[in-house]
Amino acid sequence: MKIPLKDILFVLFQFLLIIAFAFDFEVLSIIFPEVLFWIGLLLFISGAFITVVAVLHLNIHLSPFPSPLPGAKLVETGIYKLVRHPIYTGLILAFYGYAVITDSGYRLLIATVLFVLFYIKSLYEEKRLIEKFPNYTEYKKRSGRFFPGL
């Protein structure tokens, strides 16, 4: 299978953002109130849980690339019944949560860029999924992009 260049660029940019997130610059520190620490912790744990559940549910259909794999099946059950891109959802929640836990304005910025990337990537991914799965349009009507009902 030849991987489209656009797929490679999406994954490369995503990978670079995840690497950038691993670093922090104290000059962009934000001291959040303690209550936000606990909200951040809840976001981080929830995001990690959602990501693991979504990855396990996809099983052999998992790919970092937005174009569906040959022989892939459209998964519409479990968490995918409510949300079309739960891995992105989980990562977004976990990244924002960790940014708040670590009082990092820099990580908040990276998490926001990652959110925008996931949104753009999901638009492209959904075009590819509609090409492969004619019933994807109906599935879109029944599920949210990142959150149920949204």
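Is Arg107 buried or exposed? At 9% relative accessibility, Arg107 is buried. This holds in a predicted model.

## The nonpolar core

The largest nonpolar core has 26 residues. Six of them touch the most other members: Tyr80, Ile87, Phe95, Ile110, Leu114 and Phe118.

Five helices each supply at least two residues of this core. They are α1 (5–21), α2 (34–58), α3 (86–101), α4 (105–132) and α5 (136–142). Helix α4 gives the most, with eight residues.

Ile110 shows some of this packing. Setting aside neighbours within four places in sequence, Ile110 is in contact with Leu17, Ala20 and Phe21.

## Salt bridges between distant parts of the chain

The whole structure holds seven salt bridges. One of them pairs the side chains of Arg107 and Asp24, at 3.7 Å from N to O. Arg107 lies in helix α4, while Asp24 sits in the loop between α1 and α2. The two are 83 residues apart, so this pair links distant parts of the chain.

The burial of the two partners can be set side by side. Arg107 counts as buried because its relative accessibility, 9%, falls under the 20% cut-off. Asp24 has a relative accessible area of 30% and is partly exposed.

A second pair also links distant parts of the chain: Glu76 and Arg142, 66 residues apart. Glu76 is in the loop between α2 and α3, and Arg142 is in helix α5. Their side chains meet at 2.2 Å, N to O. Glu76 is partly exposed, with a relative accessible area of 22%.

## A pair within helix α5

Lys141 and Glu138 form a salt bridge through their side chains, at 3.2 Å from N to O. Both residues lie in helix α5. They are three residues apart, about one turn of the helix.

Lys141 is exposed, at 63% relative accessibility. Glu138 is partly exposed, with a relative accessible area of 44%. The label differs because exposed means over 50%, and partly exposed covers the range from there down to 20%.

## A shared network

Some salt bridges share partners. They join Arg84, Glu126, Lys140 and Arg145 into one network.

## Helix α4 and helix α5 in brief

Helix α4 appears in both parts of this account. It gives eight residues to the core, and it carries Arg107, the partner of Asp24. Helix α5 supplies at least two core residues. It also holds Arg142, which pairs with Glu76, and both members of the Lys141 and Glu138 bridge.

Methods. Residues numbered from 1 in each chain as written. Predicted model: local features only at pLDDT ≥ 70, side-chain atom pairs only at ≥ 80, totals over all residues. Heavy atoms only, no water. Core = buried A, V, L, I, M, F, W, Y, C linked by side-chain atoms within 4.5 Å. Buried < 20%, exposed > 50% of the residue type's maximum accessible area, 1.4 Å probe, protein only. Helix = DSSP H or I, 4+ residues; strand = E, 2+ residues; numbered from the N terminus. Contact = heavy atoms within 4.5 Å. Salt bridge = Lys/Arg side-chain N within 4 Å of Asp/Glu carboxyl O.
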